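Biologist: I would like a close look at the enclosed and open spaces in this model. Please describe what lines them, and then what surrounds some of the elements involved.

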Amino acid sequence: MGKSTNSSTGKRTLGYLIILFVLLTLIYIVDEISSNITTTMQPYVILDLFKIPGGSVLSDEYASAVGLFTAISMVSYVFMLIAPFYKALADKFGRKPFLILNTLLMGIGMFICMISPNYIIYIIGVLVITFVKSNDMQVMYIIETAPDKHRAKLCNLTKAIGLISVALIGVFRQMFYTDEDLSSWRMVFLIPAIMGVAVAVICIPIVKETPVFLKKKRDKEEALAKATATEVNSKSNTESIIEEKAVTAEATDKKKEKSRGGVKNAFIYIFKDPEVRKIMIAAFAFALVTGITSYYSTVLEVSESRGMITDNMISVVLVVFPFVNGIFTLICGFISDALGRKKACYVFSAIAMAGLIIFVLGTQMGWNDIVIGIGWGMFIGTLWSITDTLVLVMPSEATPTDMRASVLGVMSLLLSVGMALSIIIFTVAMNVIGTESLGIVSLCICIPLTVISCLLLTKVKETRGNDLNAG
């Protein structure tokens, strides 16, 4: 009888894990689509909400609108300052509430964008999405729920599916958007928005809190109960013993406080430690390359306006590149482990620049849409792999354990500053030179900065193989 019960429990546990990872994958899909849809649809949103004369992305009015749109959107980067504090609430209240809340807000943010009567309301929707998308609570769920031997595989698998799902934006664009009706861009947001809200609601009764958080909570409650019992018993002790314990406890607290990271200490450590400082400088230089990712759809629209590609070709590009992105993201992980972090970054940089050149020349010369999509997928897949390596992996492997989380938080903040600056650079270039030359301008900006980042990286020591428990 007992054997049957255990077997049944095991089956239920396995069944729950399967359902959980299906839901987490769906959340990853909502996350990736909501993160990319506002960038992909940006030209059509601007043409509609700013009432651009003739609906032309080549006009001065479009370039000016992009500048204003970008300036207001910079508010989203201010949110990055409070995002770490919001994410830290999951340590106090649990992972589940924020997994559901983040997913729900992604759906609501897309709904706000869809129904926005003007660009101010649209940007509010963008801000809602931006605030929650960086939390990646589904990743924490995988890490804290998956069996140890399958953790990395499940993380990579769900991420790859999420990246490939971005192709759905191209599918929805082809289904709903027409040049004759500029407001038809709104319908592209409909299905992803419904999906975000629906998945969040489904998770409420099904998803359970992670075992890691529950264990931590139990341990804390047991420790509190033990401390209370000790306090009651200690009332019968002499005053000298109490004072001795108080001194010991105070010394312990000071030791713990000293070992804590914190944002201030992390900033000091990054700029004081020579290795981490060099990684940070190389990462910041590379962050300046990322601005073009906000305007690739404008490059495509410019190419269409010049008669080099068609609207159907743009839809094909938007479907093709996410698949290539997912494939390169998976490959990059193996390359990084095989060659080491520095050599991998050199390889990734070469592939990224080759992909960007293919994309730009393809749009300039009217190459095959699949080739253009492959080029952009190569660029995006390796671009964010370099970013992950310079901002997350190498700093993790070069930082002591008690400083690691704080340092990674500050590195992500510095990356956001670099990305914001990069967007400003591209926006200014667009207003000075015009949108027609945006593709060529991107090569003039990205290639030199990538070379500089690689040269800076030569001064950094290899971090692969560092013992993460050593410090």
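Modeller: On a 1 Å grid over the protein atoms alone, a cavity is a set of points where a 1.4 Å probe fits but cannot get out; a pocket is an open set with protein on both sides within 12 Å along at least five of seven lines, and lining residues have an atom within 4 Å of a point. The model is predicted, so local features need pLDDT of at least 70 and side-chain atom pairs pLDDT 80 or more, while totals for chains, interfaces and linings use all residues. Numbering starts at 1 along each chain as its sequence is written, and side-chain values use heavy atoms, without hydrogens or water.

The search returns three cavities of 30 Å³ or more, a volume being the space filled by probe spheres set on points joined across faces, edges and corners. The largest cavity holds about 50 Å³. Its lining consists of M280, A283, F284, V391, M411, L414 and L415. Two elements, α15 and α20, give two or more residues each to this lining; helices are DSSP runs of H or I, at least four residues, numbered from the N terminus. By class the lining has seven nonpolar residues, no polar and no charged ones. Here Ala, Val, Leu, Ile, Met, Phe, Trp, Tyr, Cys and Pro are nonpolar, Asp, Glu, Lys and Arg charged, and the others, Gly among them, polar.

The second largest cavity, at about 40 Å³, is lined by V299, V302, S303, R306, T363, Q364, T435, E436 and G439. At least two of these residues come from each of α16 (296–305) and α18 (341–365), and α16 has the largest share, with three. This lining divides into two nonpolar, five polar and two charged residues.

Among the open spaces, the second largest pocket contains about 210 Å³. Of its 12 lining residues, T13, Y16, L17, K208 and P211 lie nearest the centre. Helices α1 (2–40), α8 (137–145) and α12 (211–234) each supply at least two lining residues, with α1 giving the most, five. Six residues of the lining are nonpolar, three polar and three charged.

Back at the largest cavity, one of its lining helices, α15, spans residues 274–287 and includes E275. E275 has 18% relative accessibility and therefore counts as buried (under 20% relative accessible area; exposed is over 50%, partly exposed in between, with a 1.4 Å probe and protein chains only). Outside its neighbours within four places in sequence, E275 contacts K459, V460 and K461, contact being heavy atoms within 4.5 Å.

Two further sites can be placed by their helices. L163 sits in α9 (residues 151–164) and is buried, at 9% relative accessible area. Its C-alpha atom is 6.9 Å from that of N325, although the two residues are 162 apart along the chain. Beyond four places in sequence, L163 touches E32, P322, N325, G326 and T329. E32 belongs to the range of α1 (2–40), the helix that also contributes to the pocket lining.

K51 lies in the loop between α2 (42–49) and α3 (60–73). With a relative accessible area of 62%, K51 is exposed. Its phi is positive, about 50°, and K51 is not a glycine. Most residues other than glycine have a negative phi.
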